[in-house]
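Dear colleague,

Please find below the structure I am handing over to you. After it, I set out what was found concerning its salt bridges and the packing of its helices.

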Amino acid sequence: MSSFNSTVPTVFSVSQITSLIKETLEAGFGNLSIEGEISNYRPASSGHVYFSLKDTDAMISCVMFRGSAAKLSFLPGDGKLVRIRGDLSVYPKRGNYQIIVTTMSLAGEGAILQMLEERKRRFAAEGLFEQDLKKPLPLNPERIAVVTSPTGAAIRDILQVLRRRHSGVSVLILPAAVQGEAAGEQIARQIKIANLHKLADVLIIGRGGGSLEDLLPFSDEQVVRAVAESQIPLISSVGHEIDWALSDFAADLRAPTPSAAAELVSASRDELKTRTNSAMRYLTAGMQSRISGIHGLLERFSPQVMERTLRQKLQPLLLRLDDGKEDLTRSLENRLRTHNHRLELARERLANGSPQQIMSRGYALVKSGDKLVSDSSHVHKDSILDITLYRGKLTARVETKNEETDGAEI
């Protein structure tokens with residue numbers, strides 16, 4: 001549509017001028033961010049939300065369709081200061097304009113959320129949120145310590161759940177402010193006291209719901225560090241299910257509400273009975289399986305099986321022993337025959353070399369005094385000689401002697 005000429009008057013229909021205004025405004029005012037106070041808040045049955053946003057001097061109509069409204073992290077209401085993001089839209093039927101809202105947050109929450117995200121990244125980089133640091137909760141704790149306001153709804157909900165599910169448990173309340181500037185220091189100090197004196201088997205910290213700013217103490221640096229350093233298993237239960245705090249990430253377990261935290265640490269009698277019966281069945285089945293396995297193992301060691309197994313093991317050894325025995329016997333017999341033959345030969349040689357055997361052939365032993373005479377030069381004329389024969393002895397006197405060097409002729 002062509003725009004009007006400032007020099008030549010142009011006559012528009014209502015639809016034409018409205019369409020021109022719509023086209024101009026919607027093209028020039030998109031993706032707006034506006035801060036103001038909610039007024040005349042009207043949720044419709046369709047899920048859409050209608051309201052006005054105002055300040056001291058002006059008001060503008062707003063609508064938030066069902067898809068966007070379902071993503072809200074808080075409950076809007078008249079008088080709440082909010083920041084919205086959306087597009088300007090003209091409604092031709094009524095000739096008015098409004099903001100189509102896509103997101104809405106409490107005013108000031110943007111800066112808080114940014115601060116929390118930066119702090120969360122820093123703590124995560126330090127390892128305060130590591131899964132390896134998480135400690136398991138005891139199955140049936142006897143002492144539970146709760147760090148919270150002694151007059152708040154959170155402690156009433158916790159005590160009510162514990163009385164209903166496990167009346168025998170001991171509960172210690174460690175009072176601390178859960179809102180305001182001093183709250184973080186008090187919460188951290190009570191966590192440290194509980195650990196220093198080992199006051200409980202499980203520690204719960206938390207409070208009821210509130211605005212993001214109300215929950216800030218549980219994202220305080222000293223609180224997060226005290227939670228991460230706690231040697232007592234710790235549950236963080238801050239606000240409602242949609243709320244969160246940095247203590248949730250450092251805790252051993254996060255509960256959506258204080259009541260849920262109480263349920264986590266208190267098993268009901270029926271639940272304990274069910275767990276006990278289940279454990280008994282599991283134990284019985286395991287023992288039966290082990291016993292069956294042992295019986296099967298013992299069957300392998302029955303006398304009959306052992307005898308058969310021993311026989312199978314010994315048979316090859318006995319055969320080797322018999323073979324070895326026979327080989328050894330044959331070897332000994334062969335060596336004995338060989339030695340007997342050698343002994344016989346030695347005996348013959350010994351007998352043939354015996355002086356008695358030699359003297360039986362006519363030889364004799366001649367001695368001059370104590371010395372054997374084998375050379376005639378060793379005796380003198382008239383020397384007395386002792387002659388030993390094969391049989392008997394003779395005594396003779398040397399009358400003559402022949403001293404030839406080549407030996408006497410026999």
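A search of the whole structure, which is a predicted model, finds 11 salt bridges. Several of them are described here one at a time, followed by two pairs of helices.

Salt bridges

One of the salt bridges joins Glu35 and Arg83, whose closest N and O atoms are 3.0 Å apart. The pair links distant parts of the chain, since Glu35 belongs to strand E1 (residues 32–43) and Arg83 to strand E4 (residues 81–91), 48 residues apart. As for exposure, Glu35 has a relative accessible area of 43% and is therefore partly exposed. Arg83 also counts as partly exposed because its relative accessibility is 39%.

Another salt bridge brings together the side chains of Asp201 and Arg143, with 4.0 Å from N to O. This pair, too, links distant parts of the chain: Asp201 is in the loop between helix H5 (183–196) and strand E8 (202–207), while Arg143 is in strand E6 (residues 143–148), 58 residues apart. Asp201 is partly exposed, as its relative accessibility of 29% shows. For Arg143 the relative accessible area is 36%, so this residue is likewise partly exposed.

A further salt bridge is formed by Arg164 and Glu263, the closest N and O atoms being 3.8 Å apart. Arg164 lies in helix H4 (residues 153–165) and Glu263 in helix H8 (residues 258–265), so the salt bridge ties together parts that are 99 residues apart in sequence. Is Arg164 buried or exposed? With a relative accessibility of 55%, Arg164 counts as exposed, because the cut-off for that class is over 50%. Glu263, at 39% relative accessible area, is partly exposed.

In addition, a network of salt bridges links four residues: Arg122, Glu126, Glu221 and Arg225.

Helices H4 and H8

The two helices that carry Arg164 and Glu263 also merit a description as a pair. How do the axes of H4 and H8 cross? They come within 8 Å and cross at roughly 30 degrees. Because angles under 35 degrees count as roughly parallel, H4 is roughly parallel to H8. Their crossing is right-handed.

On the H4 side, the contact is made by Ala154, Asp157, Ile158, Val161, Leu162, Arg164 and Arg165. On the H8 side, the residues met are Pro258, Ser259, Ala262, Glu263 and Val265. Sorted by character, the residues of this contact comprise 7 nonpolar, 1 polar and 4 charged. Both partners of the salt bridge between Arg164 and Glu263 appear in this contact.

Helices H5 and H6

The second pair consists of H5 and helix H6 (residues 221–229), whose axes come within 8 Å and cross at roughly 15 degrees. These helices are therefore roughly parallel to each other. H5 passes H6 in a left-handed crossing, whereas the crossing of H4 and H8 is right-handed.

From H5, the contact involves Gly184, Glu185, Ile187, Ala188, Ile191 and Lys192. From H6, the residues are Gln222, Val223, Ala226 and Val227. This contact divides into 6 nonpolar, 2 polar and 2 charged residues.

Yours sincerely

Technical notes: Residues are numbered from 1 along each chain as its sequence is written. This is a predicted model: local features need pLDDT of at least 70, side-chain atom pairs count only at pLDDT 80 or more; totals for chains, interfaces and linings use all residues. Side-chain values use heavy atoms; hydrogens and water are left out. Helices (H or I, at least four residues) and strands (E, at least two) are DSSP runs, numbered from the N terminus. Buried means under 20% relative accessible area, exposed over 50%, partly exposed in between (1.4 Å probe, protein chains only). Axes are lines fitted to C-alpha atoms, for helices over the stretch in contact, and angles run from 0 to 180 degrees between N-to-C directions. Angles under 35 degrees count as roughly parallel, over 145 as roughly antiparallel, 65 to 115 as roughly perpendicular and the rest as oblique. A crossing is left-handed if the near helix is turned anticlockwise from the far one by less than a right angle, and right-handed if clockwise. Contact means heavy atoms within 4.5 Å. Ala, Val, Leu, Ile, Met, Phe, Trp, Tyr, Cys and Pro count as nonpolar, Asp, Glu, Lys and Arg as charged, and the others, Gly among them, as polar.
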